[in-house]
Every structure is written in structure tokens, then in C-alpha cells.
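Here is a two-chain model to go through by question and answer. Keep the sequence and the coordinates open as you read.

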Amino acid sequence: MSALLAPLWAGIGTGGFAVLFFLRGRDIPLAASGGAIGWAAYAATAAVTGSPAVGYFAAAAAIGLWSEALATALKRPATVYMICGIIPLVPGGGMYYTMLAAVRGNSWLAITTGFETLQAAGAIAAGLAVSSAASRLLSLRALASRALARRRP
Amino acid sequence: MAGQIAPTDPEELLILAADAARIVLESGGETYRAEETAVAFCSALGGPEAECFATPTGVVLSFTGTDGRVRSIVRRVSKRAMNLERVARVDSLVRDLVGGKADFDEAAIALGEIEGLPGRPALVSLLAAAVGTGSFALLFGGAWNDGLVAAAVGALVSRFVPRLAGRGLPDFFINLVGGATATLLCLAAGRVGLASSADIATIGVVMLLVPGVAITNAIRDTIAGDLVAGVARGADAFMAAAAISIGAGGVHQLWRLLPAAALP
């Protein structure tokens, strides 16, 4: 899969899920753009560092910052764009393969896949948490400087 | 009048605030958002003393009115389905309340509208499911025909699963049947030569069912300090994945038992 085509499919798939999650109007292409950005960040970081977990973390951080920026601009909750944006990355497939291995009695494969799945979910959650915290700090700083500017004559 | 703290009936306010939190939880909002929503309703409309404890399966809200009496309410959350438009609308209602742009009556009407938001026309959700599952099959390395098979099966599964849910069957059973149906149809498509990789088509389709967002939100809740909610969501995700895999694994086993001659 080429480096351009993969984010495109990720974005289109995210758009489909955004519709299934009842988003409307401009929210759908915006949420889809988050999915494409996230996948591009994941593919680039994972290729450079050779670690999928680092890729998931970077992708989630990118989606988080993009969602927070959209949320601030449009006065919508960031979670609306975050949940859609992480859909291509979230380890739903990993959960499925873990349990499938367990159902088939392949304990070792179940354990290793399960560990990778938890690692991916943890990396995504951490990436989102870091970007939320960063955007909160940024906006707090912006608020504080504005308040200070108002107080000074 | 907007902006003025009207002498709202504390019982009615308690019910309204708890319902707002319930809607947030039912629609896939974060646990802390549900708690903050209920507290914001109470403090914007009736006084500062409110505490809310929410988990994915219920809301407990306690509130001290202006008369000094403590009231509390419990709301059970049994059905959970992602509806981000509702989450966004409750959020903007909270902004209006906190900003003094809405009073109790307006908030009650707005909340009723949010709860009554119409669903999607069947064709739209069918197409959305087809686009989503097809694109993900291609993203996960499928060929063109795998994407088409995933789109067709995904559209079928997306029609079929909410019908089962509407009959009051438990989630475990719905996921089991959904996983089994997706696997069976994709294996059959692979057998007759429509799909080159039945496995990739299957994983595209089960993206509709798998709890990837749930397991991620479980960890997000835990990071945010909502430990009970995090563990509960984790258990929910674990059981959903188990149910889908039991369905898929069962179909794989049966498929292997079928004599080769019985298939085209």
C-alpha cells in the first residue's frame, strides 16, 4: 500500500464510521481528515522508529491536537473528532485476533497478541491524554496572558 | 428569564441533570463529561452543592437545594450506542447554561430534543457501513475484490445487528451472532472466488463490532482517574471481543468439518 493511498482509505473509512456515529454536515469531513492525519503520522513514525507502539502514540497525539484545535475553533467537544480519528488505529482487530487465538486453544499466540493489543490501546490513550493536557496548558497560558494584558493599563 | 437563577424545583432539576448525564453515557461520552454535565446543570440552575458519580452502567447524583435538604437520584444506563451528535449537543447546552444563556425550561426542552434526535435513513447507514468496512479491508492490505466483499457483508451485518439489538437480546449474543455471520459470509465469498483473502475481508467487517474504541476509552478513563469506570469499560470490551471471537471461531471450526465436496 502506497504512502498516499493508505491515509486516503483510512480517511474514507473514518468518514463512514463518522456517519454511523451520527455526526452531521461539516463534522463528517473534519472527522475523516483526523483519521487520515492519524494514519499518516502512524505510518511515518512507525517506519522511522521501527516501533508500532511509538507510531500509535505519535498518531494519537497528532489526532488529539488536531481534534482540540477543531474543538476550540468550532466550539464542539474534542472527543467527537477524537473518537472518529482513532478508529483506523484502535486495536479492534487485535482484540479479535487475541480472543480468536484463545478460542482455538492457542494460548501462546493469545498472550502475545493480547500484550500487543494492550500496548497499542495504552499508547493511543497516552497520546490522547498528552495532547489534551498540552492543549489545556496552551489555552490556560493564552487565557492568563490575556487576563494580564487586560489588567495592565 | 435567561441568565437569572430562577427558583427551580430542586426535584425537577435533579431529574433533569441526571437525565443529561445518562444521555452522555448512553451516547458514548466520557465518564468525566457525564459527571461534569450533571454538576454543571445543578450549579447553573440551583446552587453549588452537587456531586455526581458516574460509571458506564449508571449515574448517582446528589444535590443540596437552597432549602438545605439533600436529595439524590440513581439512573441506570443499560443501552450504550455511539451517538456523537448527542454528546456535542449536550456539551453546547452545558455551555449555554453555564454562560447564563438558557434557563430551566429551555434546558428541559433542549434535552428532550436531543433525546428525540431522529436516526439515519436505512440507506444512509447501509452505505456508511459499506464505505467504512470496505475502506478498512483495503487499508489492512486487501485487494479490490476483498474491499467489495467486505463492503457488501458489512452493509448486511449493519442492517442485521440493530434488529437483533431491538429485540432485547443481550450484547454478548448479538456480538456472537454478528461475528459468526461476518465470518461465514466472508469464508463463503472466499470459497466461491469472490474474495482473495477471506481473513482480511472478515477483519474489515468485524471493525463494525470490535471494541477498539471501548478498550482505548477504558484506558483513557483510568488515566483521567475514573478507575471504576475504566475497569468496567475494560470488562465490557473484553466480553465483546470474546463474544465476536467465539462466533468467528465456531464458524471456522464448522467450516473445516465440512467435506470439500459439499462446497462449490
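The questions below take the labels used for this predicted model and set values against cut-offs.

Q: Why is Phe63(B) called buried?
A: A residue is buried if 20 or more other C-beta atoms lie within 10 Å of its own. Phe63(B) has 26 other C-beta atoms within 10 Å, so Phe63(B) is buried.

Q: Where does Phe63(B) sit, in terms of secondary structure?
A: Phe63(B) belongs to strand E2 (residues 58-64) of chain B.

Q: Which residues does Phe63(B) touch, not counting residues up to four places away in sequence?
A: The partners are Pro10(B), Leu14(B), Cys42(B), Glu49(B), Ala50(B), Arg71(B) and Ser72(B). Contact here requires C-beta atoms within 7 Å.

Q: What separates the C-alpha atoms of Phe63(B) and Arg75(B)?
A: They are 14 Å apart in space. Along the chain the two residues are 12 residues apart.

Q: What makes H6(B) and H7(B) roughly antiparallel?
A: Helix H6 (residues 144-166) and helix H7 (residues 171-191) of chain B pack at an angle of about 155 degrees. Angles over 145 degrees count as roughly antiparallel. H6(B) and H7(B) are therefore roughly antiparallel to each other. Their axes lie 10 Å apart.

Q: Which hand does the crossing of H6(B) and H7(B) have, left or right?
A: H6(B) passes H7(B) in a right-handed crossing.

Q: How do you know what class of residue lines the contact of H6(B) with H7(B)?
A: Sort the contact residues by class: 14 are nonpolar, two are polar and no charged residues take part. From H6(B) come residues including Val149(B), Leu156(B) and Phe160(B). H7(B) offers, among them, Ile174(B), Leu185(B) and Cys186(B). Gly178(B) and Thr181(B) are also on the H7(B) side, and both residue types count as polar.

Q: Why is H7(B) called oblique to H10(B)?
A: H7(B) and helix H10 (residues 227-257) of chain B pack at an angle of about 40 degrees, with their axes 7 Å apart. An angle under 35 degrees would count as roughly parallel, and 65 to 115 as roughly perpendicular. The value of about 40 degrees fits neither class, so H7(B) is oblique to H10(B). The crossing of H7(B) with H10(B) is right-handed.

Q: Which residues meet where H7(B) packs on H10(B)?
A: On H7(B) they include Asp171(B), Phe172(B), Gly179(B) and Leu187(B). On H10(B) they include Met239(B), Gly247(B), His252(B) and Trp255(B). By class, this contact has 14 nonpolar, eight polar and one charged residues.

Q: What makes up chain B as a whole?
A: Chain B has 10 helices and three strands. Along the sequence they read α-α-β-β-β-α-α-α-α-α-α-α-α. The C-alpha trace spans about 80 × 30 × 30 Å along its principal axes. Of the 264 residues in chain B, 51% are buried.

Q: Which domains is chain B divided into?
A: They are domain 1 (10-115) and domain 2 (122-262). Their C-alpha centres lie 33 Å apart. Seven residues of domain 1 of chain B and nine residues of domain 2 of chain B form the contact. On the domain 1 side, helix H2 (31-45) and strand E1 (50-55) of chain B each supply at least two residues. That side has three nonpolar, three polar and one charged residues.

Q: What elements does chain A contain?
A: Chain A has six helices and zero strands. Of its 153 residues, 54% count as buried. Among contacts in chain A between residues at least 6 apart in sequence, 61% join residues at least 24 apart.

Q: How many residues of each chain are in contact with the other?
A: The contact involves 41 residues of chain A and 42 residues of chain B. Helices H1 (5-20), H4 (78-85), H5 (92-103) and H6 (107-151) of chain A each give two or more residues to the side that touches chain B. The largest share, 10 residues, comes from H1(A). By class, the chain A side has 29 nonpolar, eight polar and four charged residues.

Technical notes. Residues are numbered from 1 along each chain as its sequence is written. Chains are lettered from A and ligands numbered from 1 in the order in which they are written. This is a predicted model: local features need pLDDT of at least 70, side-chain atom pairs count only at pLDDT 80 or more; totals for chains, interfaces and linings use all residues. Domain bounds come from an automatic or database domain assignment. Two residues are in contact if their C-beta atoms, placed from the backbone, lie within 7 Å. Helices (H or I, at least four residues) and strands (E, at least two) are DSSP runs, numbered from the N terminus. A residue is buried if 20 or more other C-beta atoms lie within 10 Å of its own, exposed if 12 or fewer, and partly exposed in between; C-beta atoms are placed from the backbone. Axes are lines fitted to C-alpha atoms, for helices over the stretch in contact, and angles run from 0 to 180 degrees between N-to-C directions. A crossing is left-handed if the near helix is turned anticlockwise from the far one by less than a right angle, and right-handed if clockwise.
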